[in-house]
Amino acid sequence: MPSSKGYAALDTKSPLVPYNFSRREPGPTEIVVEILYCGVWHSDLHMARNEWGNAIYPMVPGHEIVGSVAAVGKSVTKFKPGDIAAVGVIIDSCRHCEPCNRGEEHFCAEGSTLTYAAKDRVDGSVTMGGYSNNYVVDERFAHTVPSNLNLAAVAPLLCAGITTYSPLRHWNAGTGKKVGIVGLGGLGHMALKFAHSFGAHTVQLTTSLKKKEDAIKLGADEVVLSTDEAAMKRHAGTFDFILDTASAPHALEPYLSLLKQDGTITLVGLPEKPPSINMFALITKRTSIAGSMIGGMPETQEMLDYCGRNNIVAEVEVIPIQKINEAFERMLQQDVKYRFVIDMTSLK
């Protein structure tokens, strides 16, 4: 493999800077992807600043990768050079535990391997992510991309897309169901698109009516101001399912009151402080609080194929890699609609 290049965090506080490194040679079932686009997600910022305590430096972030296949191993069957491939949050797993055998590699009993800042199962090196010019990955953990979709707007589907698609499918959020979406950001806007497409009566739950017009355009049938007690009371006990995508600390009780008996609220956001729960809000209607994260390899491909058939992609702002530090600061200010995507051809 030729030397790779990208942008890396060297410590917890410094801006990302150009960084040269080497990837290992691809194995028989692996492909080399020349990266065209890479999405930017809050987790990249959290990881780069070691806010979750598991950083490894130097760190090349990025786990929403779309690119062109440059080379394939001798045993590869899914791709050929020139094909478009997509890579998401994980790039390996034990491949033999019960979750892996079910195609739920993200729940691997031994722990799945992250696209960056993790120990590579093959040679023990540290994985380096998609803020770079290339990637080496086993074909099992790479996905084909429908040819009709905008590649830049596909990149966020590899995290924001599957993170919302998976729980909506798991809890059957479709026709005849009333579904609430908490938060309208990178995750929330994809949740709106999917829930609406699945046929659910979809309600955006927001703290600001400034987002109403956008929410309607993205698929909301109704928009409810969650700080308006009267509006919330009118919807009490009427929701089958609520997907909470908010990453800022917030109370869950107002949303629990909206659920029907046996309704579920599923959390996919990662607030810095865990919520406190009034148990009466759960036991009086046998409601549930659940969690979800990304999806396995079969479900991720299913999601991409569904997006191809229904022309669903993320709303993106494409930036050159040289503006990544500015993008991080803008993310903190919620100044993006709704995901940044890096044009990796800008990497010189």
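In the predicted model, arginine 95 counts as partly exposed because its relative accessibility is 31%, a value between the limits of 20% and 50%. Its side chain meets that of aspartate 92 in a salt bridge, with 2.9 Å from N to O. Aspartate 92, in contrast, has a relative accessibility of 6% and therefore counts as buried.

A search of the whole structure gives 16 salt bridges. Side chains of opposite charge can pair when their charged atoms come close. Another of these pairs consists of aspartate 214 and lysine 337, whose closest N and O atoms are 3.0 Å apart. Aspartate 214 belongs to helix α6 (residues 212–218), whereas lysine 337 sits in the loop between α11 (324–332) and β17 (339–343), so the pair ties together parts that are 123 residues apart in sequence. Aspartate 214 counts as buried because its relative accessibility is 18%, while lysine 337, at 55%, counts as exposed. Elsewhere, Arg24, Glu30 and Asp120 are joined into one network by salt bridges that share partners. Within this network, the side chains of glutamate 30 and arginine 24 meet at 2.7 Å, N to O. Glutamate 30 has 8% relative accessibility and so counts as buried; arginine 24, at 18%, also counts as buried.

Strand β3 (residues 30–40) pairs with β8 in the antiparallel sense, over five bridges. In this pairing, valine 33 stands opposite tyrosine 135 of β8. Strand β8 (residues 134–138) is mostly covered, with five of its five residues buried. Asn134, Val136 and Asp138 point one way from the strand, and Tyr135 and Val137 point the other way. Residues on both sides of β8 are thus buried.

Helix α10 comprises 14 residues (297–310). At 1.5 Å a residue the helix should span 20 Å, and its end C-alpha atoms are 20 Å apart, so the expected and computed values agree. The buried residues of α10 are Met297, Thr300, Gln301, Met303, Leu304, Tyr306, Cys307 and Gly308. The elements that cover these buried residues include the strands β6 (90–92) and β9 (142–144), together with the helices α3 (151–154), α4 (160–170) and α5 (186–197). Just after α10, asparagine 311 takes a positive phi of about 55°.

Key
Residues are numbered from 1 along each chain as its sequence is written. This is a predicted model: local features need pLDDT of at least 70, side-chain atom pairs count only at pLDDT 80 or more; totals for chains, interfaces and linings use all residues. Side-chain values use heavy atoms; hydrogens and water are left out. Helices (H or I, at least four residues) and strands (E, at least two) are DSSP runs, numbered from the N terminus. The expected span of a helix is 1.5 Å times one less than its number of residues. Buried means under 20% relative accessible area, exposed over 50%, partly exposed in between (1.4 Å probe, protein chains only). Contact means heavy atoms within 4.5 Å. Two strands pair if DSSP finds at least two bridges between them. A salt bridge is a side-chain nitrogen of Lys or Arg within 4 Å of a carboxyl oxygen of Asp or Glu.
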